[in-house]
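Student: Before accepting any label for a part of this fold, I would like to see how each one follows from its criterion. Could we go through them in turn?

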Amino acid sequence: MKRAIAISHVCFEDAGTLEDAITARGLPFRYLQAGVDDLSPAKEADILVLLGAPIGVYEVGRYPFLKDEFAVIETALARGKPIVGICLGSQLIAAVLGSRVYPGREKEIGWGLLGLTPDGRKSPLVALAESKFRVLHWHGDTFDLPRGATWLAETAVTPHQAFSYSGGKVLALQFHVEQYANRLERWLIGHTLELSTAGVDLHKFRADTQRLGPGLEKASRKMFDDWLDQVGATAPRATAPAN
């Protein structure tokens, strides 16, 4: 049976609508916790998901498990397997593909508009039109576009917001579309120090989440369904018993 494996970094950041899109197709979905679990089973994943974290890919000295994640991504790329990277996950993919990952000119935290490139408008990201391209931004790092990648999305603060690679099998998203609105309060608790130092207005954040979250949930589910269709991710049909 085909299976999806997600590497998570903080327990309150899950795969949300992406997980639901995958399991709705009858595919098992498993989490491995970076820094805790042995990540080697992820090398055998049929779909690899890499989630976010408040650390940088360049902090290998502080977080040695990042080397294991690089090895997992290299294996998945070599095997031609579908990969989705979100936030840190997108940065990990960019690094493995040889691009520079570095602090952006400013943190980008909160709900905001996403612009699609011409190629982005021909990609699964076009489904985000249902949310009027309002997504959740939460990152301080950025990356150069990898050689051979297709640039999909941008913002004024962070030009490289998304790219695809390997004919669309690899989807790297700097921004967040996967989270359900009713789960984001966990982020406000878990990331309280970052929010305080960044001067984020929590009252506005909560109001924006209530207003924009449900639309993004619907749009992101369609986006991930379209991507899964594109990469041919379906559960194998049961074999009929022999007579």
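Student: Why does C87 count as buried or exposed, whichever of the two applies?

Tutor: The model is a predicted one, and in it C87 has a relative accessibility of 6%. Buried means under 20% relative accessible area, so C87, at 6%, counts as buried. C87 lies in the loop between β4 and α3 (88-96).

Student: What makes the phi of C87 worth a remark?

Tutor: Most residues other than glycine have a negative phi. C87 is not a glycine, and yet its phi is positive, at about 60°. K132 is also a residue other than glycine with a positive phi, in this case near 55°.

Student: Where does K132 lie, and why is K132 called buried or exposed?

Tutor: K132 is found in the loop between β6 and β7. Its relative accessibility is 66%, and since exposed means over 50%, K132 counts as exposed. The loop between β10 and α4 holds N182, which at 68% relative accessibility passes the cut-off of over 50% and therefore counts as exposed.

Student: How do you know that both faces of strand β4 are covered?

Tutor: In a regular strand the side chains alternate between the two faces of the sheet. For β4, residues 83-86, one side carries I83 and G85 and the other carries V84 and I86, and all of these are buried. With buried residues on either side, both faces of β4 are covered.

Student: What makes strand β1 mostly covered?

Tutor: Five of the five residues of β1, which spans residues 4-8, are buried. A4, A6 and S8 point one way from the strand, while I5 and I7 point the other way, and all are buried.

Student: How do you know that β1 is paired with β2 and with β3?

Tutor: Two strands pair if there are at least two bridges between them. β1 and β2 are joined by five bridges and run parallel, so the criterion is met for these two strands. β1 and β3 are joined by four bridges and also run parallel, so the criterion is met here too. I5 stands opposite R30 in β2 and opposite L48 in β3.

Student: Which partners does β4 have, and what supports each pairing?

Tutor: Strand β3, residues 47-50, is joined to β4 by three bridges, and the two run parallel; L50 has G85 of β4 as its bridge partner. Strand β10, residues 170-173, pairs with β4 in the parallel sense over four bridges, with V170 of β10 as the bridge partner of I83. Three and four bridges each satisfy the requirement of at least two, so both count as pairings.

Student: What makes β3, helix α2 and β4 a right-handed unit?

Tutor: The handedness is judged with the strands pointing away from the viewer, and a crossover is right-handed if the path from the first strand over the helix to the second runs clockwise. β3, helix α2 (residues 65-79) and β4 make a right-handed β-α-β unit, so their path runs clockwise in that view.

Student: Why are β2 and β6 said to stand at the edges of the sheet?

Tutor: Eight strands form an open sheet in the order β2-β1-β3-β4-β10-β9-β8-β6. β2 (29-33) and β6 (115-116) each have a single partner strand, so one side of each is left without a neighbour in the sheet.

Student: What shows that the pairing in this sheet is mixed?

Tutor: The pairing is mixed, with parallel strands such as β3 and β4 and an antiparallel pair in β8 (residues 150-154) and β9 (residues 162-165), which three bridges join. A153 stands opposite A162 in β9.

Student: What lines the largest pocket, and how is the lining divided by residue class?

Tutor: The largest pocket has a volume of about 390 Å³. Its lining comprises 22 residues, and A53, P54, I55, K107 and E194 are the closest to its centre. The lining divides into nine nonpolar, eight polar and five charged residues, and β7 gives the most to it, with four residues.

Definitions and conventions: Residues are numbered from 1 along each chain as its sequence is written. This is a predicted model: local features need pLDDT of at least 70, side-chain atom pairs count only at pLDDT 80 or more; totals for chains, interfaces and linings use all residues. Side-chain values use heavy atoms; hydrogens and water are left out. Buried means under 20% relative accessible area, exposed over 50%, partly exposed in between (1.4 Å probe, protein chains only). On a 1 Å grid over the protein atoms alone, a cavity is a set of points where a 1.4 Å probe fits but cannot get out, and a pocket is an open set with protein on both sides within 12 Å along at least five of seven lines; lining residues have an atom within 4 Å of a point. Grid points are joined across faces, edges and corners, and a volume is the space filled by probe spheres set on the points. Ala, Val, Leu, Ile, Met, Phe, Trp, Tyr, Cys and Pro count as nonpolar, Asp, Glu, Lys and Arg as charged, and the others, Gly among them, as polar.
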